[in-house]
Amino acid sequence: MLLRAFRSLMPKEERFVDQFVEQARHIVAAAAALEAVMDASPDERPQRIAALKKVEKDADHIAKEAGRDLHRAFITPFDRSDILSLINALDDAIDLMDEVPRHAGLYGVVSFDDPMRRFVALIRQQAGVLVELMPLLGSIARNADRIGQLCGRLSDLEDEADDILRNALQALIAERPDMIAFLGRRELYEMLEAVTDRCDDVGDLVAGITLDQV
């Protein structure tokens, strides 16, 4: 209690919330860019992949900047380990999306099936939630109720992704494609589902931070 009161009186480095907001916006951009890759014709696809890579590089710069700021900060808005975990979870979501076209090319996957597109639709929904959620970290106590609702929404969307993965793998096994096609599609399903996991991880972290602050 005394430590919390002391921290409340000290000047804090507030830039982290702005950086989280920027990372969330880049998740929105990465999800849209990945969807564009899936929709592109073979001739258009390299350009769309390059656009996705640019989003990833820009997001990586923000993550590195946030990490440097964390190292230099004297007082932080909340626990340093939570800030670092948020930086990493947000960045991981974008890195995974950037890896999808590369792995598709590795396994010769030239078209993206319905489960893959449904994953991206869920990711886009989660990204929208994150864009609303991140600014609320600037005033956690005042926004605690809404934070709880948004974290719950992230979890619900991740549960939907689990269902899609389960059904997609079941259908893939029943289809019995050749081994390369099987491995490629399975890996893409699991990679896309992992993006929803990272977004849900952000929600879990924010929920924990809220409990500590309120």
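How far apart along helix α3 are Asp-58 and Lys-54, counted in residues and in helical turns? They are four residues apart, or about one helical turn. The legends below describe close-up views of a predicted model.

**View 1. A salt bridge joins Asp-58 and Lys-54 within helix α3.**
The closest approach, N to O, is 2.9 Å. Asp-58 is partly exposed, with a relative accessible area of 32%. Lys-54 reaches 52% and counts as exposed, because the cut-off for that class is over 50%.

**View 2. Helix α3 runs from residue 45 to residue 72.**
The helix has 28 residues. At 1.5 Å a residue, the expected span is 40 Å. The C-alpha atoms at its ends are 41 Å apart, which agrees. Buried residues of α3 include Arg-45, Leu-52, Val-55, Glu-56, Ala-59 and Ile-62. Also buried are Ala-63, Ala-66, Asp-69 and Leu-70. Charged residues are thus listed beside nonpolar ones, with Arg-45, Glu-56 and Asp-69 among the buried set. The cover over these buried residues includes α2 (15-39) and α4 (80-106).

**View 3. A network of salt bridges links five side chains.**
The members are Lys-53, Glu-56, Asp-98, Glu-99 and Arg-102. Glu-56 also appears among the buried residues of α3. The structure holds 15 salt bridges.

**View 4. Glu-22 and Arg-25 form a salt bridge in helix α2.**
The closest N and O atoms are 2.7 Å apart. The two residues sit three places apart in the helix, about one helical turn. Both ends are partly exposed: Glu-22 at 29% relative accessibility, Arg-25 at 46%.

**View 5. Asp-163 and Arg-166 form a salt bridge in helix α6.**
Here the closest N and O atoms are 2.8 Å apart. Both residues lie in α6, three residues apart, about one turn of the helix. Asp-163 is partly exposed, with a relative accessible area of 38%.

**View 6. Phe-20 and Phe-78 form a stacked aromatic pair.**
The structure holds one aromatic pair. A pair of aromatic rings is described by the distance of the centres and the angle of the planes. In this pair, the ring centres of Phe-20 and Phe-78 are 6.5 Å apart. The planes make an angle of 20 degrees. The pair counts as stacked because that class requires planes under 30 degrees apart. The pair links distant parts of the chain, 58 residues apart. Phe-20 belongs to helix α2, whereas Phe-78 lies in the loop between α3 and α4. Both rings belong to buried residues: Phe-20 has a relative accessible area of 1%, and Phe-78 is at 2%.

**View 7. Phe-20 sits in the largest nonpolar core.**
This core has 65 residues. Phe-20, Leu-130 and Met-134 touch the most other members. Elements giving two or more residues to the core are α2, α3, α4, α5 (114-133), α6 (144-175) and α7 (179-213). In soluble globular proteins, nonpolar side chains tend to be buried together. Leaving out residues up to four places away in sequence, Phe-20 touches Phe-78, Ile-83, Leu-86, Ile-87, Leu-90, Met-134 and Leu-137. Phe-78 is thus both a contact and the aromatic partner of Phe-20. Met-134 is both a contact of Phe-20 and one of the core residues that touch the most other members.

**View 8. Ala-30 of helix α2 is buried.**
Its relative accessible area is 0%. Neighbours within four places in sequence aside, Ala-30 is in contact with Leu-52, Val-55, Ile-94 and Met-97. Leu-52 and Val-55 are also among the buried residues of α3. Ala-30 and Arg-124 are 94 residues apart in sequence. In space, their C-alpha atoms are 9.0 Å apart.

**View 9. Cys-151 and Cys-199 are in no disulfide.**
The disulfide count comes to zero. For Cys-151, the nearest cysteine sulfur is that of Cys-199, 12 Å away. The cut-off is 2.5 Å, so the two sulfurs do not qualify as a disulfide. Both cysteines are buried: Cys-151 has a relative accessible area of 8%, and Cys-199 has 0%.

Definitions and conventions:
Residues numbered from 1 in each chain as written. Predicted model: local features only at pLDDT ≥ 70, side-chain atom pairs only at ≥ 80, totals over all residues. Heavy atoms only, no water. Expected span 1.5 Å × (residues − 1). Buried < 20%, exposed > 50% of the residue type's maximum accessible area, 1.4 Å probe, protein only. Contact = heavy atoms within 4.5 Å. Core = buried A, V, L, I, M, F, W, Y, C linked by side-chain atoms within 4.5 Å. Salt bridge = Lys/Arg side-chain N within 4 Å of Asp/Glu carboxyl O. Phe/Tyr/Trp six-rings, centres within 6.5 Å; stacked < 30°, edge-to-face > 60°.
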